[in-house]
Structures are given as structure tokens and as C-alpha cells.
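Student: I should like to learn how to read the helices of a protein model. May we work through an example together?

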Amino acid sequence: YQRRVRGAPCVISVMSGNRAEKSGLSRDIQKKLEAKYNLDQEKQCRAWIEEVVGEALSDQEIGMHHFQHCLKDGQVLCKLLNTLNGEPLVKKINTQKMAFKQMENIEQFIKGCKTFGLKDGDIFQTADLYECQNMSQVIVALYALSAVSIKNGWAGASIGVKMSEQNKRTFTEEQLNEGKTVIGLQYGTNKGASQAGMNIGKTRHIMD
């Protein structure tokens, strides 16, 4: 609603705490997002955050809305990111209860995540968390944050799969020619022979 301040020419808009319920397509999309939410992943994220930050989350009940309540003011997320980075990426964490201050914390966290190395597709939007629009994406971001932290040198608690580091090698033309000769001797001299089915090296997945 809008409130006119006496003696002032401007009109101040006040956000209502109760938003209108979604209808039609928006409601269907919201239901699908909520159905996708994974409680086991939430439990892992909860345990990981508490271990890294060193304090218990404010709401110990398991569930999407309970988890959102823990993270909504952005303070825990900023502390988490700063701890993983080793030095503050979020210089000032707002402790005020005002909505715009809490959303500012979330925005600073998102900005910090990009600096930390997360890709845009792994990061959520402010409303996804603050308005509980897509908590599944918040979970995705936390898993991505853990993976990138390991790549960046974090040796503490982690969740999910460790990111593989790109291993670039530079070869001289002479070395490349020697390699072709070795392949020719091992697999026959037919150029363009298929190497389908060959498993060069092993892929190792590290799970929590």
C-alpha cells in the first residue's frame, strides 16, 4: 500500500509482508520447483555450513522453509564465504533486521561467489532465497561453492564432488612427431585407425 507523509509532496511505498498468492502458470512452476527440493542435500548443506562457520544454524528443523529461514538474512552465507576464502570477500555484513539490509547481504554473497569462481549457472537470484522462490537453486549454489573452495585450496569440510583441475601441457613439434611414431608402432600404421573403446587414464570421483 502507499502512505502519504503529512507536509511532504512525495508518496512513500510500503511493501506488504503478505504477498498475493501465485496463480495459474506461476503457481504450477513454483510447485515443480518445490517438488524438486532434496531434503537429504539440505541435511548435508546444514552440516557443512555449521562445520565451516563453527556455529549452529538458528532453525534446526529440516525442511525447505526452515532452511530458508536460517539463510534469509544473508549473514550465515557471508560468514561461510569469508571463511572458505580465508579473507573477507564481504567486507561488511549487515546485522540489521530491515529487509533491504538482509537482501543487501545476499547480493554481496552472490557478488562474492562470482569473484570466488562460481559460474552464473550455479548461482541463485536474491528472490530465490529471500522469497523462497527456488531453494533448490540455493542448494545447487552451496554444492558449487564447496567444489570451488576445494579447487581454491580449502582443506576443511566439504560436500559433493571435487572439481577436476585443468592440466595443460605444452609439447614441442618434435615431441608430437615422436608421439605419432609411438602410436603407429603400438596400434599399426593405418592413419585414422579408430581408438574407440580405449580408456586412457582413470576418472576418480570423490564423494563425501
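Tutor: Certainly; please bear in mind that this model is predicted. Helix α5 covers residues 99–116, which makes 18 residues. From its first C-alpha to its last, α5 reaches 26 Å, close to the 26 Å expected at 1.5 Å a residue.

Student: Which residues of α5 are buried?

Tutor: A general idea helps here. An α-helix has 3.6 residues a turn, so residues three or four places apart point the same way. In α5, the buried residues are K101, Q102, N105, I106, F109, I110, G112, C113 and F116.

Student: What covers the buried residues of α5?

Tutor: The cover includes α4 (75–85), α6 (126–130) and α7 (135–151). After α5 comes G117, whose phi is positive, near 130 degrees.

Student: How does one describe the packing of helices?

Tutor: Two packed helices are described by the angle between their axes and the distance between the axes. Here, α2 (residues 39–53) packs with α4 at an angle of about 60 degrees, and their axes are 9 Å apart. The crossing of α2 and α4 is left-handed.

Student: Which residues make the contact?

Tutor: From α2 come W48, I49, V52 and V53, while α4 contributes V76, K79, L80, T83 and L84. Of the residues in this contact, seven are nonpolar, one is polar and one is charged.

Student: How many disulfides does a search of the whole structure find?

Tutor: The search finds zero disulfides.

Student: Why does C45 count as buried?

Tutor: C45 counts as buried because its relative accessibility is 0%, and buried means under 20%. C132, at 8% relative accessibility, also counts as buried.

Notes: Residues are numbered from 1 along each chain as its sequence is written. This is a predicted model: local features need pLDDT of at least 70, side-chain atom pairs count only at pLDDT 80 or more; totals for chains, interfaces and linings use all residues. Side-chain values use heavy atoms; hydrogens and water are left out. A disulfide is a pair of cysteine sulfur atoms within 2.5 Å. Buried means under 20% relative accessible area, exposed over 50%, partly exposed in between (1.4 Å probe, protein chains only). Helices (H or I, at least four residues) and strands (E, at least two) are DSSP runs, numbered from the N terminus. The expected span of a helix is 1.5 Å times one less than its number of residues. Contact means heavy atoms within 4.5 Å. Axes are lines fitted to C-alpha atoms, for helices over the stretch in contact, and angles run from 0 to 180 degrees between N-to-C directions. A crossing is left-handed if the near helix is turned anticlockwise from the far one by less than a right angle, and right-handed if clockwise. Ala, Val, Leu, Ile, Met, Phe, Trp, Tyr, Cys and Pro count as nonpolar, Asp, Glu, Lys and Arg as charged, and the others, Gly among them, as polar.
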